[in-house]
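Please explain how the descriptive terms used for this structure follow from their cut-offs.

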Amino acid sequence: MIKGAVDHELRRGGQVFVVHNRVEDIAEVANFISRACGNVEVRVGHGQQKEAELEGTIRDFLDKKFPILVCTTIIESGIDMPNVNTILINNAHHFGLSQLYQIRGRVGRSSAQAYAYFI
């Protein structure tokens, strides 16, 4: 399902958020996503990174230098990224309904159909 969702978004020229709210194993999730999707470039963003590193990652994502950002809920109230129209939320059962609604609101900010997957 993950590969299908990512492939669909990449075929239409979009980008993908994968929300994984545990810094301890976020790199493992990023590696899994990359391998599952044919070694697509995936980068990680979370609040424990150095400010310059996180800013560079977000800037590169905005500039469409890579297609998938695995991140924590740091994106919850972030900047507008209209090219991101698919979001996968890992361990969705750990979030409250209002937080899921807020996170889901990060996609669908353009005329493209948005997709949210709660895993």
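The questions and answers below set values against definitions. The model is predicted, so local features need pLDDT of at least 70 and side-chain atom pairs count only at pLDDT 80 or more, while totals for chains, interfaces and linings use all residues. Residues are numbered from 1 along each chain as its sequence is written, and side-chain values use heavy atoms, with hydrogens and water left out.

Q: What makes strand 2 and strand 3 a pair?
A: Two strands pair if DSSP finds at least two bridges between them. Strand 2 and strand 3 (residues 68-71) are joined by 4 bridges and run parallel. Within this pair, V42 is opposite I68 of strand 3. Strands here are DSSP runs of E with at least two residues, helices are runs of H or I with at least four, and both are numbered from the N terminus.

Q: Why are strand 2 and strand 5 placed at the edges?
A: The open sheet has 5 strands in the order 2-3-1-4-5, with parallel pairing. Strand 2 (42-45) and strand 5 (115-118) each have a single partner strand, so one side of each lacks a neighbour in the sheet. From one strand to the next, the twist averages 20°; axes are lines fitted to C-alpha atoms, for helices over the stretch in contact, and angles run from 0 to 180 degrees between N-to-C directions.

Q: Which strands does helix 2 touch where it packs on the sheet?
A: Contact means heavy atoms within 4.5 Å. Helix 2 (residues 26-36) touches strand 1 (15-19), strand 2 and strand 3, and its direction makes about 160° with that of strand 2.

Q: Why are the buried residues of helix 2 said to be on the same side?
A: Buried means under 20% relative accessible area, exposed over 50%, and partly exposed in between (1.4 Å probe, protein chains only). In helix 2 the buried residues are I26, V29, A30, I33 and S34. They cover an arc of only 135° around the axis, so they are on the same side of helix 2; the arc is that of the directions from the helix axis to the C-beta atoms. These buried residues pack against helix 1 (2-11), strand 1, strand 2 and strand 3. The face turned away from the buried side carries the exposed residues E28 and R35.

Q: What is notable about the phi of N39 and of K64?
A: Most residues other than glycine have a negative phi. N39 has a positive phi of about 60° although it is not a glycine, and K64 likewise has a positive phi of about 60° without being a glycine. N39 is in the loop between helix 2 and strand 2, whereas K64 is in the loop between helix 3 (51-62) and strand 3.

Q: Why do N39 and K64 count as exposed?
A: The relative accessible area of N39 is 60%, so N39 is exposed. K64 has 54% relative accessibility and therefore also counts as exposed.

Q: Why is A114 called partly exposed?
A: A114 has 23% relative accessibility, so it counts as partly exposed. A114 is in the loop between helix 4 (97-104) and strand 5. Neighbours within four places in sequence aside, A114 is in contact with R12, N85, V107 and G108.
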